[in-house]
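Here is a set of short exercises to work through with the model open beside you. Try each task before you read its solution.

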Protein chains: 2
Amino acid sequence: MNKFIRVDMTTKQVTIEEVPAKYAGLGGRALTSNFVADEVKPTCHALGKNNKIIFAPGLLSGTTAPNSGRISVGAKSPLTGTIKESNSGGSFSQKMAKAGIKALVIEGMPTDDKFYVIKMDVNGAAIEEAPEEILGGCGNYKAIEVLSAKYGEKVGIALAGPAGEHRLPTANISFKDPEGNMRSAGRGGLGAVLGSKKVKAVVIDDTGAGAVPIADPEKFRAASKVFSKALLDHPVAGQGLAAYGTDVLINILNEAGGLPANNFTSGRIEHNDNISGETLNATITERGGEGKVSHGCHPGCIIRCSQWYPDKDGKYITSGFEYETIWGLGADAGIKDLDEIAYIDRAMDDIGVDSIETAVAVATAMEGGLLPWGDGKAVLDAVKQIAVPTPLGRILGGGTAVVGKVCGLFRTPVVKDQAIPAYDPRPIKGIGLTYATTPMGADHTAGYCISGNILKVGADIDPLKKDGQIEYARAMQIGTAAVDSTGMCLFVYFGIADNPGGYQALIDMINAQYGTELTAADVDKLGESVLKVERAFNKAAGFTNAHDRLPEFFEYEPCAPHNVVWDFTPEEIDEVYNF
Amino acid sequence: MNKFIRVDMTTKQVTIEEVPAKYAGLGGRALTSNFVADEVKPTCHALGKNNKIIFAPGLLSGTTAPNSGRISVGAKSPLTGTIKESNSGGSFSQKMAKAGIKALVIEGMPTDDKFYVIKMDVNGAAIEEAPEEILGGCGNYKAIEVLSAKYGEKVGIALAGPAGEHRLPTANISFKDPEGNMRSAGRGGLGAVLGSKKVKAVVIDDTGAGAVPIADPEKFRAASKVFSKALLDHPVAGQGLAAYGTDVLINILNEAGGLPANNFTSGRIEHNDNISGETLNATITERGGEGKVSHGCHPGCIIRCSQWYPDKDGKYITSGFEYETIWGLGADAGIKDLDEIAYIDRAMDDIGVDSIETAVAVATAMEGGLLPWGDGKAVLDAVKQIAVPTPLGRILGGGTAVVGKVCGLFRTPVVKDQAIPAYDPRPIKGIGLTYATTPMGADHTAGYCISGNILKVGADIDPLKKDGQIEYARAMQIGTAAVDSTGMCLFVYFGIADNPGGYQALIDMINAQYGTELTAADVDKLGESVLKVERAFNKAAGFTNAHDRLPEFFEYEPCAPHNVVWDFTPEEIDEVYNF
């Protein structure tokens, strides 16, 4: 990966640069965050010409390392105003890496009103006008078909959906996956940044690319084998996720009393059987989809957590049908029918909105009286309005914080204006610290403390108590920032947390590829440095410790069934970033 | 004024306290801001039980001092998240002062869903259920009639309109004026705070109250006479404002090239004759309203800038028809018909929304494609939807920043999420510094640099140049914080800026009333201390210098006809609060 492609949408110029020396050892989130910190003015408007958006494969992307195909996207977020990295599956990362492209940077803003496609290949990149038929509300499913037909079935595609064209703060970036469906860099409205630059899509054609160069192929193969085994041997990474998808968590969280229901008024639901991973699996099997129950979101995935969900006639509705989405609609918004949830998930993917932000916005809108509680049909209709967008569609597309504003709500579950996801911070205190302090705004993937608090993987910490949580949330965020830089799926954590050999194998693969001699301490240092860079950007953008707080209602409203409140003091919370 | 009334809406208890010693010498904004800083947790949710709202007459309110009848309202703002003081005319302040009530504090939040009226009189206060007929969308004009009929024609009334009931961030607090119409504490969404506490109205009945005690009545009378003359002798305060109202500024600002048009895309309009103060005056006269052309917003006003605007048949439409409202709808949103603007102004008053925030939200919504440019009928229909509220009504009622979010706009004219009012900061650089740095969010009344930049009252500073502006904006903000503490209308500034005798008379009146020996230096110190207290609150709430910035587009888009951009550096802006 020796090319740095820079596309200026003001001048419509493409420049191919050598990778700056300071970025040589960086990939994924480490690269996107350092780049944004270096080149984006922290106080700039996220939708203005001074924001830049960068796509970067992880360090191991494009190799044969299992689960290494995540693509990181970075920019200043129009949702949170913070620095943002959001990563996704799909084939984009591996194709970029194989084509030798370490990063694509899109900057500036056109003065005309047209939308464009950026086409990358082994020789560089070009800017072309976007086909008319994929604009003006065309859904992502169709857009992927049209672009695949035009540029070749095998190309990788990154796409701003209708929400991105409208620059709505919930807009995600969708990536074509191996089955021609899509995966998303969901959080933080990066699709709106792409839309503001009038980039409808980015296409990567890796035709003619060779294999990614590996300094020590033998060492790489050996390490890769150990790493694979570590993943496959683990009960969660090797079996649980494949069998039931991430939706396996519905029953686990419900049992733990940490499944937020009815806009975070309780931690448990009665209708968990309607929406659980077990029901999901049974339904898919019953409808003849068993061969497709489980698959990977990117080539080389061996965990295969993604679920392919068909209708009663066995016809595809949606895939990548995740726990967080099913929780948001099924528990937080109280929709009791899995098919209704599936159709809403499909609509969100098709429109290109973050399914977490949108689902929580829906539940918040129910509390605000904008939508009836638990009414899946009304929600599907409302979500589809985001593509138009109608005023109601704009409110939901504005995200949870906007819903809270226009409904005059006290109970708005956001941190730094980003929706709190599927784990209640009161009975699962570790994840609350991640929500409060990560530079990303509320984000479970920034330090998945559910692991040691609930799943007891990598640690065993009482979720209801404060003991040990500060150190744990810190360590998880540091480790995650490092993993997010490798191109690895976050779920590899399950394979390496309790398995020192698995962790060493991951480091060995990096060393084998780059001819480096990194140690575990170096990896920690990388994670720390990423967080420090991100936090410095946020500070310059105007964020202070006062923003590292959960919404006040968590301090006053006990969460059933454990009837606990959020009780970390500000001083304790601020300890998380004391490194 | 020796009573401090505290109403706890959680327990429905009323407590009458002695005025705490630390507040003895404070009134108006000095009192509200110190109180909020002392008792409100800066990081609290503005619509939660930890926010408090305080009503405080100015130091001179209730006396015979001309123009001393402004009431200050303070709280944490749900619009900006900052500390907020907003003041208003009407008879409320004088009646509170006469009844000996130095402040009314409303705190807590009911757990039931009813709305209440707080009734104050010389003996104390009581909480009563609000009459059903003024709830659920009842307009403010009717609510004032109902409350006047119930509590007596002569009572003072403070009111949360339908917008306040819905806790929308544009909700103002309306005060009954001497003619039974209304005046507003417009900015910052304080009506939503009242609504969150389920207080529909506050009534003050001063029956049985004596005169406000004056330590040295003779000195007071003498000073008051000098002060009156200073006001009446000044061409702006004594004549211009009475003849044409504040709308006299349309032609002045248009001529100066600082009248923001079409969502701040230019500083001049062609249709100024349609909406100018001269046209306003001629229209009122022609329609038989000449006796009512000019009147005061509160008893004892001798400037009488308020205009009473009738329809073609001479029937009242609206009053307090201000320049900023007419600018917002007429220039920024391009509505060319004064009658259409008047009906929209009436609707905004009736619904209880800030006419500046709402008008700018309307213009921004036009840029975002939500409303057609310049279409007064569409705007009237949309504004009326705030009372329902429909989704479109909620978006507008959410304020300009929300409109910018849901329309994905780069050009959103706000500072600290509050709309920039009627003076373009590019060709009038002094006012830009006030917008950027005042603790209130964009607010021209926090340091009206138009005075020395355009009107050449009190100073003569080239509006297009940076020279002298930093010191001027600082001095104007300090002086304003002091004046806002006296209960004086801001326009008294015209009478004292170039008239040292007038200024001394103002200080003499305070000394004569309280038996103090304040000097001009003490008044400056008071102003400084108020700003420091406000700024410290904001800092604790998470605000930094990074928030003291104008929207980025002002730096890049030259404003016609002078074609100048906003060019103060961050370091220069930060000098304003270097005291």
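The exercises below go from the pairing of the chains to strands, a sheet and a loop.

This is a predicted model, in which local features need pLDDT of at least 70 and side-chain atom pairs count only at pLDDT 80 or more, while totals for chains, interfaces and linings use all residues. Residues are numbered from 1 along each chain as its sequence is written, and chains are lettered from A and ligands numbered from 1 in the order in which they are written.

**Exercise 1. The two copies**

Task: Work out which turn and shift lay chain B on chain A.

Solution. Start with the general idea: two copies of a chain are related by a rotation about an axis and a shift along it. Here a turn of 180° and a shift of 0.0 Å along the axis lay chain B on chain A with an RMSD of 0.0 Å; copies are superposed by least squares on the C-alpha atoms of residues with pLDDT of at least 70 in both. That is the relation of a two-fold axis. To place the axis in chain B, look for Pro391(B), whose C-alpha is the nearest to the axis in that chain, 2.7 Å from it.

**Exercise 2. The interface**

Task: Describe the side of chain B that touches chain A, by helix and by residue class.

Solution. First, the numbers: 31 residues from chain B and 30 residues from chain A take part in the contact (two residues are in contact if their C-beta atoms, placed from the backbone, lie within 7 Å). Next, the elements, where helices (H or I, at least four residues) and strands (E, at least two) are DSSP runs numbered from the N terminus. H15 (391-397), H16 (400-406) and H22 (520-541) of chain B each supply at least two residues to this side, and H15(B) gives the most, with five residues. Then the classes: this side of chain B has 15 nonpolar, 11 polar and five charged residues. For that count, Ala, Val, Leu, Ile, Met, Phe, Trp, Tyr, Cys and Pro are nonpolar, Asp, Glu, Lys and Arg are charged, and the others, Gly among them, are polar. Finally, 97% of the interface residues of chain B are also interface residues in chain A, so the copies meet through the same surface.

**Exercise 3. Strand E7 of chain A**

Task: Find which strands pair with E7(A), and in which sense.

Solution. Recall that strands of a sheet pair through backbone hydrogen bonds, either parallel or antiparallel; two strands pair if DSSP finds at least two bridges between them. E7 (residues 116-121) of chain A runs antiparallel to E8 (residues 124-129) of chain A, joined by six bridges. The two form a hairpin with two residues between them, and Asp121(A) stands opposite Gly124(A). With E12 (residues 199-205) of chain A, E7(A) pairs in the parallel sense, again over six bridges; there Met120(A) has Ile204(A) as its bridge partner. Five of the six residues of E7(A) are buried (20 or more other C-beta atoms within 10 Å of a residue's own, placed from the backbone).

**Exercise 4. A sheet in chain B**

Task: Give the strand order of the open sheet of six strands in chain B and name its edges.

Solution. The order is E2-E1-E6-E3-E4-E5 (chain B), with mixed pairing. E2 (13-18) and E5 (83-88) of chain B each have a single partner strand, so one side of each is left without a neighbour in the sheet. Neighbouring strands are turned by 20° against each other on average, direction ignored. Inside the sheet, three bridges join E3 (residues 53-57) and E6 (residues 101-107) of chain B in the antiparallel sense, and Ile54(B) is the bridge partner of Val105(B).

**Exercise 5. A proline in a loop**

Task: Is Pro439(B) buried or exposed, and which residues does it touch?

Solution. Locate Pro439(B) in the loop between H17 (429-437) and H18 (450-455) of chain B. Pro439(B) is buried, with 28 other C-beta atoms within 10 Å. Leaving out residues up to four places away in sequence, Pro439(B) touches Thr82(B), Ile83(B), Leu531(B), Glu534(B), Arg535(B) and Asn538(B). Just before this loop, nine of the nine residues of H17(B) are buried; they pack against E16 (414-415), H18, H19 (469-483) and H24 (570-575) of chain B.

Terms used:
A residue is buried if 20 or more other C-beta atoms lie within 10 Å of its own, exposed if 12 or fewer, and partly exposed in between; C-beta atoms are placed from the backbone. Axes are lines fitted to C-alpha atoms, for helices over the stretch in contact, and angles run from 0 to 180 degrees between N-to-C directions.
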